[in-house]
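Reader: I should like to learn how to read a structural model with care. May we go through one together?

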Amino acid sequence: MADVTYLEALREGLREEMARDERVFILGEDVGLYGGAFKVTEGLMEQFGERRVIDTPISEAAIVGAAAGAAHMGMRPVVEMQFIDFISCAYDMLTNYVATARYRAGLSTPLVVRGPCGGYVRGGPFHSQNVEAAFFHTPGLKIVYPATVADAKGLIKSAIRDEDPVIYLEHKWLYRRVKAELPDGADVLTPIGEARLAREGRDLSIVTYGATVWKALEAADQLAQDGMSVEVLDLRTLVPMDDAAIMRSVRKTSKVLIVHEDTRTGGIAGEIAARINEQAFEWLDSPIMRVTAHDVPLPYAPTLEDFVLPQTEDIVKAARWLAKY
Amino acid sequence: MMSRTAPAALTPREAPPIPAGLTRGQLLEIYRYLRLTRTLEERLVALYRQSKVIGGLFRSLGQEGESVASAYALERGRHKDFLSPLIRNLGSMLVMGASPIQILRQYMAKATSPSGGRELNVHFGDLELGYLGQISHLGDMIPVLAGIALTFKLRGERRVALVYIGDGGTSTGTFHEGLNLAAVQRVPLVVIGEYNHWAYSTPPEKQFAVRHLVDRVRGYGIPTSTVDGNDVLAVYAETRGAAERARRGEGVQFIEVKTYRRTGHAEHDDQHYVPAGELERWARDNDPIDRYVLRLLDNDWVQARELADIDARVRAEIDAATDACVDDPPPQPESALPGVYADPPAAPLHWYRSL
């Protein structure tokens, strides 16, 4: 078995679901003839035809709206945002129309909106965003954020099969950076709503997701040289969040560092901290601390971007501070 | 309906042919839907004044003709054509198969209403019967119905979708994005642009710098037409043509219907912004139901007595529907929690509620 990249695993997930279920189709900007800006959908139009891989105008609201209409009628649309930054153009359609559809009108809207997120790639303010917090607040949407090759595939397949609308956030820094063996042709499914224990430890829990899973693992390796045993929990799904897995880890280590690449204020870490406070306060031996991006739009120059984003050494420093608390 | 005396016919004359391929029975059925819409709304006004309607009441007075006629031009029944009404298209929902008691229950926020008290007025749907209520964000239903029409196209089903947009709604981004996507994909979609002269209190000249809605739409490469929205048979014929064209795979058509919103945005609105005499003029000279009745009778297509019978039956139907639901219970408070997702099945109850 050959190693595949995160991006290839995602593509294979899409391909398998399209082959398995003729209701699945893709729509987005440059997804067909060109194969997507990052080539995630490369080859799919050739294989499945232009009725199932639809190149659209630059109209994110219309793309999501049309996907919602198709989903009501029993289709399984997968929408690509060329960069996830552009999902804000469809914010109304996702939060007001799609998210409320089942609750207000009993409408099934099984669609997936996916797209490349995140920084560390010198993309500047509009090609580097993390958008999870903007949608995390709206009941009715599920949000998944794979960090590994297996989950890139397993979560896209589960998202497509899910009866609810799912925002699938894929990290472009991971696209070709992480590789792993995947069993050929196996039905790799990652359950939505289950976190993954990425590394077991005793002294400190790092709760994280997306690209910073890898930064946290790197930090844990370095900390192990000091004799610190760090647990890393990869959330994988942000909505619905796996509270039980978080509390299990907190009860084990009693110290928590929440790490995310997104900006701090109103970010997911705040909600995780609140849940730990409500559900596991008596197990804590230290304050719940955060490592996140600084609260600025993400700048372009490498010196600026590296400064703003959380780095492995930030996690190491914060973990050492917590260990001494 | 209007009362009138039959002309003293000295010589019997042949009734002229009924236009648009309609039968006498269909003319009467259209009349029934027009009357049903108006009578139902009059009942809602009465219930509103008794504080039985929860929140606002939105009427379609003056727009019943285009709502009923455009919907009537579709293929109706289970898994046939599909439409999405705005708040002033109650008539179109009734034509597609919504029942007065559903509307009454919605407006009174009953547990038994189609949305279980979760949503307002005409904001509900029936995917099998082919109607899907709007959300309040105007323009959003254009992409959604484009997606429904796209589904018909992808599956090779000979079905058509129809969506309404008001003069104000054509200023939204989703209207333009959705119409363009539909046009590019050549999906079977009919868009009814309702020029009803008011977007809440804003007149068209503050909404756009062109004269007509069709002027806004010219750039999308689709056929457009303009029709007198208070001429029931003209709206029917134009929509029928557009729907059949869409059914043949020839894509989107935009029909502008010129009409007039004779009530306020909602019942609370005193319409002080309307020029003096305008409401009265439209009511007197250009009521869609009055005009339709005159046409039916002038051409001897139907008898006045048949229309009076329909009026009586509609009144009885609305009375019975009101009696059947006015005392229905409100939703149980805890019924607010389930159904945000298929899974998990319900939102958790907050901890302090069980202290």
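Author: The questions below concern a predicted model.

Reader: What ipTM does the model score, and what average pLDDT does chain B have?

Author: Since the model is predicted, its confidence scores are a suitable place to begin. In chain B, 97% of the residues score at least 70, and the chain averages a pLDDT of 96. For the model, pTM is 0.96 and ipTM is 0.96.

Reader: Why does the radius of gyration of chain B agree with that of a compact globule?

Author: Chain B has 355 residues, and a compact globule with that many would have a radius of gyration near 20 Å. The two values agree because chain B has 21 Å.

Reader: How much of chain B is buried?

Author: The secondary structure of chain B comprises eleven helices and seven strands. Taking contacts between residues at least 6 apart in sequence, 76% join residues at least 24 apart. Of the 355 residues in chain B, the buried share is 49%.

Reader: Which residues have the most contacts inside the largest nonpolar core?

Author: In soluble globular proteins, nonpolar side chains tend to be buried together. Here the largest nonpolar core has 202 residues, and those with the most contacts inside it are Val64(A), Ala146(B), Ala161(B), Val163(B) and Leu189(B). In chain A, this core draws at least three residues from each of domain 1 (3-181) and domain 2 (196-324).

Reader: Is helix 6 of chain B mostly covered or mostly uncovered, and what covers its buried residues?

Author: Helix 6 of chain B runs over residues 173-185 and reaches 18 Å from its first C-alpha to its last, close to the 18 Å expected. The helix is mostly covered, with twelve of its 13 residues buried; among them are Phe175(B), Leu179(B) and Val184(B). The cover includes helix 3 (60-72) of chain A, together with helix 5 (141-155), strand 4 (161-166), strand 5 (189-195) and helix 7 (213-217) of chain B.

Reader: Which residue takes a positive phi just after helix 6 of chain B?

Author: Helix 6 of chain B spans residues 173-185. Just after this helix, a positive phi of about 50° is taken by Arg186(B).

Reader: How many residues of helix 1 of chain A are buried?

Author: Helix 1 of chain A covers residues 6-20 and reaches 21 Å, close to the 21 Å expected. Its buried residues include Tyr6(A), Leu10(A) and Met18(A), and what covers the buried residues includes strand 2 (24-28) and helix 7 (149-161) of chain A. Of its 15 residues, the number buried is eleven.

Note on methods: Residues are numbered from 1 along each chain as its sequence is written. Chains are lettered from A and ligands numbered from 1 in the order in which they are written. This is a predicted model: local features need pLDDT of at least 70, side-chain atom pairs count only at pLDDT 80 or more; totals for chains, interfaces and linings use all residues. A nonpolar core is a set of buried Ala, Val, Leu, Ile, Met, Phe, Trp, Tyr and Cys residues joined through C-beta atoms within 7 Å. A residue is buried if 20 or more other C-beta atoms lie within 10 Å of its own, exposed if 12 or fewer, and partly exposed in between; C-beta atoms are placed from the backbone. Domain bounds come from an automatic or database domain assignment. Helices (H or I, at least four residues) and strands (E, at least two) are DSSP runs, numbered from the N terminus. The expected span of a helix is 1.5 Å times one less than its number of residues. Two residues are in contact if their C-beta atoms, placed from the backbone, lie within 7 Å. pLDDT is the predictor's confidence in each residue, from 0 to 100. The radius of gyration is taken over C-alpha atoms; the globule rule is 2.2 Å times the number of residues to the power 0.38.
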